[in-house]
Amino acid sequence: MRNLQIGAAARLWRRVFLCAAAWTAIVPGTFAQDYPNKAIRLIIPFAPGGTNDVIGRLMAAKLSEILGQQVVPDNRAGAGGTVGIELVVKTPPDGYNLVIGNIATLAINPTLYPKLSYDPLRDLQPVTLIAKVPQVLVAHPSLPAKNARELIALAKTRPAELAYGSGGNGSGAHVSGEMLKMLAKINLTHIPYKGVGPAQIDLLAGQIQLVFAGVPSVVPYVKTGRLRALGITGPKRVVTFPEVPTIAESGVAGYEYVAWFGLLGPAALPASRVAQIQSLFAQTVNRPELRKRLELEGVEPQLTAPQQFRATLAAETVRWKKIIEAAGIKAAD
C-alpha cells in the first residue's frame, strides 16, 4: 500500500512539473524571475570617451538603479571595435555578458575585414536598437575654417596636410572621413586610434586638426570653445548645435552618415531571455529623465524588437557594402 502511495505521489509531482514546464514555454521569461541575480557585464568595444562609451555608461547606471543589481561597463577597445565583439561571441549565452554594438562593428566591418572572426548575423543575437546618433565634424580652434564649406576650400589648397582622427580603421569616423574625401574631392590624412576618445585627446592638444565624433562625446568641448563644430553628418541639424549646418547643406551633395547603436548577446541566448533583456532596456530608455538626458546629448532613442533589429542589421550590411566598395574604402590606409 505504501508503495502505491509513493507511486501516486510521484506521478502527481511529475504532472505538476510538466504543467509548469508547459506554462514556462507559453509565457516567455516566466522561468527566469531570478534574472539578474548577479552583476551584468556590458561590453563597450571602444576606449572611454566616445559615443559608445557615453551611451553605454548612461544605460548601465540607470539600469543598475532600476534592477538593484550592478551593470558594469567594460571597455574592450581594439581593431575598430572587433575585439569587444569577439569577446561577447565567446561568452556563455546566459544574459550576463552583453555588448553595445554599432553601425561600424556590425554593418561596416564585415565588408572591410574579409577575414573577420565573427559574422554578426550568425554569431550574435540582436536584442534591441538603442539609439541613432549623427556625427559632428569638429576641429581644433587654430584651424582657419569656421564651417565645412571653408574646410573643404582650405583642404583643396593643402592636400594631405590636414589630418583627421578616428576610432580605428573601419570605424564610423573613418568611413565618414572617407566619404567626405570622395564626395568633396579633397585629400585628408587619416590617423586611426583605439577609439574616438584618444583621438579627441590629440585633437584638443592640437596634434591633429579634425575628428568625426558622435555628438554626445564633444558637447562640453564645443560649448566651452575648446573645439569648433564645422558640420553635422546627418540629414538634418541637431538640437544640441542648431547653428551648425549639415555637411550636405555646406555644398557636399549626397553626404549623409548617421550612426546607430544596439544591444546584442551571444548567438545561443534563449528567446525568453532575449525578450526579458529587451523589456528591461526598453523600460530603462523610456524613463523620462534618461530619455531627456539622451536627447540633450544629441542622441535619438530608437527601440525595436529583436526581429526588427536583425532585419535592420541585415539591410544595413548590404547598404554599406555597396558604399564601401564604391568609395574604395580600405581597412588600412
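The largest pocket holds about 480 Å³ of space, in a model that is predicted. The chain around this pocket has 333 residues, of which 53% are buried, and its secondary structure comprises 12 helices and 10 strands. The points below take up the pocket, then the chain as a whole, then Thr128 and helix 6.

**The largest pocket**
- The lining of the largest pocket is formed by 22 residues, and those that lie nearest its centre are Lys132, Pro134, Lys236, Val258 and Glu300.
- At least two lining residues come from each of strand 4, strand 9 (258-266), strand 10 (300-301) and helix 12 (306-327).
- Helix 12 makes the greatest contribution to the lining of the largest pocket, namely 4 residues.

**The chain as a whole**
- About 14,800 Å² of the chain is exposed, and carbon and sulfur atoms supply 57% of this area.
- Among the contacts in the chain with a separation of 6 or more, 77% are made by residues 24 or more positions apart.

**Thr128 in strand 4**
- Strand 4, which spans residues 124-139, contains Thr128, and strand 4 is also one of the elements that supply at least two residues to the lining of the largest pocket.
- Thr128 has a relative accessible area of 0%, and because buried means under 20%, Thr128 counts as buried.
- Leaving aside residues up to four places away in sequence, Thr128 touches Gly262, Leu263, Gln278, Phe281, Leu303, Thr304 and Phe309.
- With one of these neighbours, Thr304, there is also a polar contact, in which the side chain of Thr128 reaches the backbone oxygen of Thr304 at 2.9 Å.

**Helix 6 and its two sides**
- Helix 6 covers residues 148-157, and its buried residues include Ala148, Leu151, Ile152, Leu154 and Ala155.
- These five span an arc of only 165° around the axis, and therefore they lie on the same side of helix 6.
- An α-helix has 3.6 residues a turn, so residues three or four places apart point the same way.
- Lys156 and Thr157, by contrast, are exposed on the other side of helix 6.
- The buried residues of helix 6 pack against strand 4, helix 7 (172-184), strand 7 (210-214) and strand 8 (228-232), so that strand 4, the strand that holds Thr128, is among the partners of helix 6.
- The N-terminal end of helix 6 is capped by Asn147, a side-chain oxygen of which lies 3.2 Å from the backbone nitrogen of Arg149.

Terms used. Residues are numbered from 1 along each chain as its sequence is written. This is a predicted model: local features need pLDDT of at least 70, side-chain atom pairs count only at pLDDT 80 or more; totals for chains, interfaces and linings use all residues. Side-chain values use heavy atoms; hydrogens and water are left out. Buried means under 20% relative accessible area, exposed over 50%, partly exposed in between (1.4 Å probe, protein chains only). Contact means heavy atoms within 4.5 Å. Accessible areas come from the Shrake-Rupley method with a 1.4 Å probe; for residues, only the protein chains shown count as cover. A polar contact is a pair of N or O atoms within 3.5 Å; within protein, one must be able to donate a hydrogen and the other to accept it, and residues adjacent in sequence count only if both atoms are side-chain atoms. The arc is that of the directions from the helix axis to the C-beta atoms. On a 1 Å grid over the protein atoms alone, a cavity is a set of points where a 1.4 Å probe fits but cannot get out, and a pocket is an open set with protein on both sides within 12 Å along at least five of seven lines; lining residues have an atom within 4 Å of a point. Grid points are joined across faces, edges and corners, and a volume is the space filled by probe spheres set on the points.
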